[in-house]
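The following exercises concern the backbone, burial and surface of one protein chain. Each task is followed by a solution in steps.

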Amino acid sequence: MSAGKPHQNLAIIGHVDHGKSTLVGRLLYETGNIPEHVIEQHREEAEEKGKGGFEFAYVMDNLAEERERGVTIDIAHQEFDTDEYDFTIVDTPGHRDFVKNMITGASQADHAVLVVAADDGVAPQTQEHVFLARTLGIDELIVAVNKMDVVDYEESTYDEVVDEVTQLLNQVQFQTEDASFIPISAFEGDNVAEASDETPWYDGRSLLEALNDLPEPQPPTDAPLRLPIQDVYTISGIGTVPVGRIETGMMNVGDNVSFQPSDVGGEVKTIEMHHEEVPKAEPGDNVGFNVRGIGKDDIRRGDVCGPADEPPSVAET
């Protein structure tokens with residue numbers, strides 16, 4: 001990661017089996033962020049099995065296998081960079097039980113790529129993730145219509161999926177003009193880094209170009225503090241330390257804060273970032289902090305911390 005490029009958090013959302021992990025792998029591969037030795041190792045393995053040229057697929061299958069074994073079940077932070085931005089992928093597992101992770105994950109995302117398989121269209125989790133993305137304030141969606149290779153790069157199939165997704169976005173009042181649709185094959189690499197000969201009917205941007213063109217996120221420092229809790233640790237000598245990323249507002253030592261919906265609060269004693277104590281923190285900062293009088297069992301992952309005089313609002317359902 002170079003210094004100097006602005007940073008974006010990107011959620012990759014969509015139905016399980018629509019190709020999210022393959023796309024993540026492809027993005028890392030195309031931007032040179034899968035280490036060369038990993039590719040090499042897979043290349044040798046592929047050649048031994050007489051499948052030269054499949055090293056990328058091997059990388060993907062290995063990621064998929066790790067996934068099966070539960071290695072990437074939690075949100076995996078993968079990083080890659082484009083000409084414009086350093087991206088961190090907040091990878092949101094698609095499985096039902098992980099909607100909790102999806103909530104703590106996507107709420108950290110500035111933008112999202114919605115992966116929809118061309119051969120399957122809008123599936124239950126496609127809907128669920130779009131609803132969540134909308135609720136969690138993701139403004140711009142890039143819709144990657146994936147697996148175009150599976151449907152023989154048929155323009156009509158692509159158009160059907162675009163219509164279906166557009167209806168879904170309209171249902172949740174997503175500005176559809178803020179959505180970009182791109183026909184891709186994450187597996188083959190079509191329209192991911194560069195235009196594909198397989199889709200002569202598509203003259204739009206590649207996925208990486210669309211990512212480059214995303215607006216730079218503006219840190220919302222003047223909004224009230226909102227900090228979703230990702231974990232709660234007990235650290236000897238300090239006590240209970242909730243950890244999370246500040247979404248909006250500022251946190252200062254000495255602030256009175258409230259955790260919702262647990263409905264407990266107290267005064268911020270210390271704030272720590274990258275293992276150093278800091279007097280204050282702002283949007284985008286990942287912090288651990290200690291609040292006077294708060295014990296490990298008083299708060300939990302998913303709580304949101306805010307100012308005591310403007311606490312996070314709690315919905316009925």
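**Exercise 1.** In which loop does H275 lie? Determine also the sign of its phi and its degree of exposure.

*Solution.* The structure is a predicted model.
Step 1: H275 belongs to the loop that runs between β11 and β12 (276-278).
Step 2: its phi is near 60 degrees, which is a positive value in a residue other than glycine.
Step 3: a residue is exposed when its relative accessible area is over 50%. H275 has 74% and is therefore exposed.

**Exercise 2.** Carry out the analysis of phi and exposure for K147, and find its place.

*Solution.*
Step 1: K147 is situated in the loop between β5 (141-146) and α6.
Step 2: although K147 is not a glycine, its phi is positive, at about 65 degrees.
Step 3: buried means under 20% relative accessible area, and partly exposed covers the range from there up to the exposed class. Because K147 has 24% relative accessibility, it counts as partly exposed.

**Exercise 3.** Which two residues are joined by a cis peptide bond? Locate the proline.

*Solution.*
Step 1: the bond joins Q260 and P261, with omega at about 0 degrees.
Step 2: P261 occurs in the loop between β10 (256-260) and β11 (264-273).

**Exercise 4.** How many of the 11 residues of helix α1 are buried? Examine the backbone just after the helix as well.

*Solution.*
Step 1: helix α1 spans residues 20-30 and is mostly covered, with 9 of its 11 residues buried.
Step 2: the buried residues are K20, S21, T22, L23, V24, G25, R26, L27 and L28.
Step 3: just after α1, G32 adopts a positive phi of about 70 degrees.
Step 4: for the whole protein, buried residues make up 49% of the 317 residues.

**Exercise 5.** Which residues gather in a patch of negative charge on the surface? Follow one member to its secondary structure, then treat the nonpolar patch likewise.

*Solution.*
Step 1: the negative patch gathers D17, D119, D120, D152, E154, E155, D159, E160, D163 and E164.
Step 2: E164 has its place in helix α6 (residues 155-171).
Step 3: patches are made of residues with over 30% relative accessible area. E164 is partly exposed, at 35%.
Step 4: Y233, I235 and I238 make a nonpolar surface patch of about 240 Å².
Step 5: Y233 is part of strand β7 (residues 227-235) and is partly exposed, with a relative accessible area of 40%.

Notes. Residues are numbered from 1 along each chain as its sequence is written. This is a predicted model: local features need pLDDT of at least 70, side-chain atom pairs count only at pLDDT 80 or more; totals for chains, interfaces and linings use all residues. Side-chain values use heavy atoms; hydrogens and water are left out. Patches are made of residues with over 30% relative accessible area and no salt bridge: like charges are joined within 9 Å, nonpolar side chains (Val, Leu, Ile, Met, Phe, Trp, Tyr) within 5 Å. Accessible areas come from the Shrake-Rupley method with a 1.4 Å probe; for residues, only the protein chains shown count as cover. A salt bridge is a side-chain nitrogen of Lys or Arg within 4 Å of a carboxyl oxygen of Asp or Glu. Lys and Arg count as positive and Asp and Glu as negative; His and the chain ends are not counted. The place of a charge is taken as NZ of Lys, CZ of Arg, CG of Asp or CD of Glu. Helices (H or I, at least four residues) and strands (E, at least two) are DSSP runs, numbered from the N terminus. Buried means under 20% relative accessible area, exposed over 50%, partly exposed in between (1.4 Å probe, protein chains only).
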